[in-house]
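This report covers the sheet, one loop residue and a pocket of the protein shown here. The terms are explained where they come up.

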Amino acid sequence: MASAEPTLQHELALATAGAHRFVGAADEVGRGALAGPVSVGYIVIEPTAVQLLPGVRDSKLLSGATREQLVPLIKSWAAAWGVGHSSAAEIDELGLVPALRLAGLRAVSAAHLIQRADAVLLDGNLDWLSATTQPTLLDSLTPGFADPARIDGLQIPVRTLIKGDLLALSIAAASVLAKVERDHLMDGYDHTHPAYGWVQNKGYGTAAHRSAIAAHGASDHHRKTWQLTPKLPAGHIEAGGEGRTP
């Protein structure tokens with residue numbers, strides 16, 4: 001049975017509880033992929049001033065064509081929006097959670113040029129968007145967020161919401177923006193790296209994708225610190241080699 005469409009219940013509750021006029025919402029895509037960026041969609045809405053947006057749901061529940069059709073509607077519906085990415089190289093260098101935070105900051109920075117949020121709803125149970133360092137006097141000149149070179153995350157309240165992409169309309173909308181933009185990137189990468197089937201798998205670890213990595217090696221868009229090919233079983237005999245154990 002299909003799940004109920006997301007509502008504005010959580011956005012209105014956050015706005016009322018904290019006297020927050022504008023509420024942001026963020027969701028990520030690409031966290032579990034072997035190749036390509038991790039991408040964060042972010043939107044800002046005024047919960048008391050917007051209506052429901054029929055048809056918007058968690059991006060995983062929508063077809064590619066439907067997601068594409070919803071993007072202009074979501075951008076018109078939101079007070080501001082942004083999508084940020086952290087590349088495979090940045091994931092390798094920083095680690096996944098800091099790379100998520102960096103992508104989130106890029107998305108937030110773009111949106112907050114138009115309209116700042118007073119608080120943020122974040123999908124999941126892990127707050128990867130809030131700053132882990134304390135602001136300086138200089139950062140107080142840009143409340144809410146600061147230069148990533150000095151502060152690595154948001155300074156405004158962030159509330160996590162498990163299954164937020166199913167429950168909160170703003171998070172579902174953010175997930176659609178992130179998914180569409182990341183898919184476009186992966187389709188573009190496929191033109192120069194056609195062996196990996198990224199148009200079909202979008203960088204995720206399908207059997208065919210892993211086999212292509214084994215045959216052709218990793219590209220610049222692969223996360224090289226990740227386990228890209230299956231581990232060989234204990235006692236496996238490689239061609240021209242001896243049995244190996246872990």
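Two strands are taken to pair if DSSP finds at least two bridges between them. Helices (H or I, at least four residues) and strands (E, at least two) are DSSP runs, numbered from the N terminus. The model is a predicted one: local features need pLDDT of at least 70, side-chain atom pairs count only at pLDDT 80 or more, and totals for chains, interfaces and linings use all residues. Residues are numbered from 1 along each chain as its sequence is written, and side-chain values use heavy atoms, with hydrogens and water left out.

**The sheet**

The protein has 8 helices and 7 strands. An open sheet of mixed pairing is formed by 5 strands, in the order E3-E2-E1-E4-E5. Strand E3 (80-86) and strand E5 (158-161) each have a single partner strand and stand at the edges, so one side of each is left without a neighbour in the sheet. On average, neighbouring strands of this sheet are turned by 20° against each other, direction ignored.

E1 and strand E2 (residues 38-45) run antiparallel and are joined by 7 bridges. E2 also pairs with E3 in the antiparallel sense, over 7 bridges. Residues that face each other across these strands are listed below.

| Residue | Opposite residue or bridge partner |
|---|---|
| Ala 26 | Tyr 42 in E2 |
| Val 29 | Ser 39 in E2 |
| Val 40 | Gly 84 in E3 |

Buried here means under 20% relative accessible area, exposed over 50%, and partly exposed in between (1.4 Å probe, protein chains only). E2 is mostly covered, with 8 of its 8 residues buried. In a regular strand, side chains alternate between the two faces of the sheet. From E2, Val 38, Val 40, Tyr 42 and Val 44 point one way, while Ser 39, Gly 41, Ile 43 and Ile 45 point the other way, and all are buried. Of the 246 residues of the protein, 48% count as buried.

Helix H1 (residues 9-18) lies across E1, E2, strand E4 (119-123) and E5, and runs at about 145° to E4. Such angles run from 0 to 180 degrees between N-to-C directions, with axes as lines fitted to C-alpha atoms, for helices over the stretch in contact.

**Val 56**

Val 56 is found in the loop between E2 and helix H2 (64-77). Val 56 counts as buried because its relative accessibility is 1%. Contact means heavy atoms within 4.5 Å. Apart from neighbours within four places in sequence, Val 56 is in contact with Pro 6, Leu 70, Ile 74, Leu 169, Ala 172 and Ala 173. The C-alpha atoms of Val 56 and Ser 170 are separated by 9.1 Å, and these residues are 114 residues apart along the chain.

**The largest pocket**

On a 1 Å grid over the protein atoms alone, a pocket is an open set of points where a 1.4 Å probe fits, with protein on both sides within 12 Å along at least five of seven lines; lining residues have an atom within 4 Å of a point. Grid points are joined across faces, edges and corners, and a volume is the space filled by probe spheres set on the points. The volume of the largest pocket is about 240 Å³. Its lining has 16 residues, of which Asp 27, Glu 28, Val 29, Lys 60 and Asp 165 lie nearest the centre. Strand E1 (23-29) and helix H6 (169-192) each supply at least two residues of this lining, and H6 gives the most, with 4 residues.
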